[in-house]
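Hi,

Here is the structure I promised to pass on. Have a look at it first, and then read my notes below.

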Amino acid sequence: MRRPLAIALVISASFGLQAKPWSDQTQEQVMNTLTHKFEQGLYSKKGADGCLMCHKKNDKVMAIFDGVHGSQSGHSPMAGLQCEACHGPQGKHNRGGKEPMLDFGANALTSVDAQNSVCMGCHQDAERMSWHASTHNLEEVSCVSCHQVHVAEDPILDKQQQNATCTSCHSEQKMQMHQRSSHPMRWDEMQCSDCHNPHGSLTESSLNEVSVNQTCYSCHADKRGPKLWEHQPVIDNCSNCHTPHGSVNDNLLKARAPLLCQQCHSGNVHASRPYGDSGDSAFTGGGSCLNCHSQIHGSNHPQGKALQR
Ligand code: HEC
Ligand code: HEC
Ligand code: HEC
Ligand code: HEC
Ligand code: HEC
Ligand code: HEC
Ligand code: HEC
Ligand code: HEC
Ligand code: HEC
Ligand code: HEC
């Protein structure tokens with residue numbers, strides 16, 4: 001009876017197809033077992049060697065030794081509790097693999113909180129200072145929704161692959177970045193993390209800098225004041241006129257002039273103008289208001305009060 005079972009185990013383990021023996025348990029049952037094992041400190045004596053007796057045929061498991069977490073020096077897991085630094089104490093799991101281990105990912109039975117606290121146990125630093133209050137944490141996005149550790153190189157740290165991972169959940173931004181005007185994200189020349197900290201920040205929308213404008217200035221330094229003649233909404237917030245991810249209008253504008261301008265300026269600022277209201281006048285045709293007010297981000301010209309020069 002035993003022999004065929006063992007063969008089946010080896011074959012399926014090597015293809016990673018075997019269902020977890022504890023898949024029929026509720027998350028509560030699994031968490032109770034894990035808590036008990038942690039409280040009692042039921043770590044194995046053999047470390048990774050013991051685990052690999054059963055798991056070494058799984059290429060994915062072995063790939064951890066090709067990446068940073070497989071290193072045997074410094075603060076690496078392998079220099080300490082090894083596999084159990086992440087998967088928790090072995091307890092009775094070595095008796096046929098039936099007792100739950102702390103598992104990770106979309107099909108895990110371990111709570112997202114517990115998964116994340118394992119990673120944060122070693123990665124609580126300046127970059128993740130705001131993780132706890134971040135939208136991702138509150139929405140139960142796990143570290144391993146973005147990161148992989150049983151790999152030589154974590155794909156999300158490759159700039160060419162980041163946007164695809166983010167937009168696998170953020171479909172609205174994916175649609176926007178393919179619109180007529182956008183930041184060069186569709187060619188992966190720019191990444192979401194150029195503006196956002198995926199681990200959260202003190203700024204709304206988890207921006208890298210303390211405000212929208214400071215975030216924009218980090219690349220568009222020419223738009224930074226002070227200018228002799230400022231245009232109030234520009235200093236106030238670039239988002240008054242621009243949308244960051246993409247727009248059907250040129251220059252990432254939320255609307256086209258004159259509509260853009262008329263959200264704040266009344267339609268009759270030029271009541272005495274010699275032009276008619278007809279659509280093709282200098283006021284509404286072509287660049288519209290911008291035909292004359294070309295220094296829309298502010299002017300340094302002595303006579304630039306009306307943002308014309
Ligand atoms: C006696 C064999 C055996 C030993 C020893 C063993 N395991 Fe397992 N383990 C299993 C079996 C069987 C499964 C369920 C099938 C599978 O996923 O391969 C399993 C599943 C797992 C899973 C869940 C995999 C998933 O699909 O998410 C993790 C994590 C795990 N083991 C980690 C460990 C760690 C860490 C050790 C060492 C501390 C260890 N195992 C020791 C047999 C073993
Ligand atoms: C740095 C934390 C970490 C360490 C150390 C670690 N694992 Fe994992 N393990 C994970 C995560 C996270 C996953 C989910 C898959 C992924 O992200 O790569 C996982 C997945 C697994 C799986 C399921 C693989 C599958 O086929 O889906 C097994 C089995 C496993 N680990 C066993 C081990 C063993 C054995 C060791 C020690 C040699 C080990 N792990 C070391 C974090 C770790
Ligand atoms: C026992 C400590 C420990 C645990 C637990 C741990 N890590 Fe790490 N991790 C490290 C060390 C050490 C490095 C090497 C770089 C460094 O010194 O920060 C590292 C590096 C990384 C890196 C950068 C990788 C690179 O290629 O530069 C990422 C991403 C990462 N870990 C994610 C995770 C995630 C996700 C988890 C939870 C599944 C996790 N870590 C659990 C110790 C740990
Ligand atoms: C929404 C996706 C996402 C989530 C969730 C996420 N990360 Fe990251 N992480 C990234 C990206 C993207 C980078 C690369 C950042 C960059 O290039 O500026 C990164 C970088 C890292 C690094 C290496 C560079 C550094 O910042 O020190 C570590 C370590 C890390 N993450 C750990 C974690 C841990 C721990 C968690 C869970 C608490 C986590 N990450 C959750 C996307 C994510
Ligand atoms: C597993 C799904 C998932 C992945 C992958 C993911 N996110 Fe999110 N993200 C969410 C959810 C859920 C929310 C909250 C609801 C919303 O705003 O869509 C969110 C919210 C955000 C927010 C708004 C934050 C706030 O504080 O208001 C930003 C910014 C963000 N994500 C950036 C990123 C970036 C950058 C990446 C890639 C590095 C990424 N996300 C990957 C699920 C994900
Ligand atoms: C050029 C900078 C920049 C880049 C690059 C960028 N964002 Fe944003 N993102 C912003 C700003 C600024 C906001 C806040 C918008 C506002 O307040 O009007 C924002 C808001 C968000 C929000 C919250 C949206 C909402 O309506 O609340 C999400 C989610 C988001 N970004 C995801 C992403 C993702 C995913 C990527 C990569 C595909 C990305 N961002 C790339 C600047 C950027
Ligand atoms: C990481 C650098 C970076 C950041 C941060 C950044 N941008 Fe950009 N921006 C670029 C690049 C690169 C281009 C493309 C320039 C080109 O094509 O010549 C661009 C182009 C633009 C354009 C012109 C788009 C078009 O269709 O021609 C606007 C408008 C713009 N950015 C506004 C913003 C705003 C608003 C912010 C802040 C929310 C911001 N940018 C943050 C790098 C950045
Ligand atoms: C009052 C509306 C308004 C605000 C606020 C605004 N912009 Fe603009 N921006 C425009 C208009 C209109 C254009 C198109 C200019 C043209 O067609 O000559 C433009 C074009 C741009 C461009 C591309 C052309 C160029 O001049 O380089 C960038 C980059 C840009 N804006 C960045 C910013 C940044 C950064 C902020 C915040 C500091 C900001 N804008 C705030 C209206 C605005
Ligand atoms: C979000 C609101 C807002 C938008 C959109 C906006 N403006 Fe303004 N604009 C202001 C405010 C506020 C002032 C300062 C008014 C004051 O000091 O009395 C101003 C000042 C001006 C002035 C200088 C007036 C003066 O003589 O002091 C001109 C010219 C101007 N805007 C043109 C435009 C044009 C053209 C557009 C469209 C491309 C535009 N504005 C879009 C809010 C806006
Ligand atoms: C043909 C050139 C021209 C066009 C087109 C034009 N303006 Fe002006 N605008 C001016 C001049 C010149 C002044 C300054 C002289 C004055 O005070 O009338 C001015 C002044 C202003 C002022 C300041 C008025 C005040 O009361 O101090 C605002 C606001 C303004 N324009 C908005 C707009 C908007 C919005 C549009 C588009 C609907 C627009 N302009 C189109 C030439 C133009």
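A word on terms before the tour: helices (H or I, at least four residues) and strands (E, at least two) are DSSP runs, numbered from the N terminus. This is a predicted model, where local features need pLDDT of at least 70, side-chain atom pairs count only at pLDDT 80 or more, and totals for chains, interfaces and linings use all residues. Residues are numbered from 1 along each chain as its sequence is written, chains are lettered from A and ligands numbered from 1 in the order in which they are written, and side-chain values use heavy atoms, with hydrogens and water left out.

The overall picture is quickly told: the chain has 13 helices and zero strands. Of its 309 residues, 32% are buried (buried means under 20% relative accessible area, exposed over 50%, partly exposed in between, with a 1.4 Å probe and protein chains only).

Now the irons. Donors here are N, O and S atoms within 2.8 Å of the metal (3.2 Å for Na, K and Ca), and water is not among the atoms, so sites may look incomplete. Six donors count as octahedral if opposite donors are over 155 degrees apart and all others between 65 and 115.

- Ligand 2: H87 (NE2) and H150 (NE2) coordinate the iron atom at 2.0 Å. That pair links distant parts of the chain, 63 residues apart, with H87 in helix α5 (residues 83-87) and H150 in the loop between α8 (143-146) and α9 (159-169). The six donor atoms subtend angles of 85 to 179 degrees, so the arrangement is octahedral. H87 is partly exposed at 25% relative accessible area, and H150 is partly exposed at 23%.
- Ligand 4: the protein donors of the iron atom are H147 (NE2) and H199 (NE2), 2.0 Å from it. H147 sits in the loop between α8 and α9 and H199 in the loop between α10 and α11, 52 residues apart. With angles of 88 to 178 degrees among six donor atoms, this arrangement is octahedral too. H147 is partly exposed at 26% relative accessibility, whereas H199 is buried at 17%.
- Ligand 6: H196 (NE2) and H245 (NE2) coordinate the iron atom at 2.0 Å. H196 is in the loop between α10 (171-176) and α11 (212-217), and H245 in the loop between α12 (232-236) and α13 (259-262), 49 residues apart. The six donor atoms subtend 88 to 179 degrees, which makes the arrangement octahedral. H196 is partly exposed, with a relative accessible area of 26%.

What about the backbone? Most residues other than glycine have a negative phi, and most peptide bonds are trans. The loop between α12 and α13 holds L252, which has a positive phi of about 55 degrees although it is not a glycine. L252 is buried, at 12% relative accessible area. D188, in the loop between α10 and α11, has a positive phi near 60 degrees, and is partly exposed at 21%. There are cis peptide bonds from G225 to P226, with omega near -5 degrees, and from A257 to P258, with omega near 5 degrees. P226 lies in the loop between α11 and α12, P258 in the loop between α12 and α13.

Cheers

How values were computed: Four donors count as tetrahedral if all angles lie between 85 and 135 degrees; four count as square planar and six as octahedral if opposite donors are over 155 degrees apart and all others between 65 and 115; anything else is irregular.
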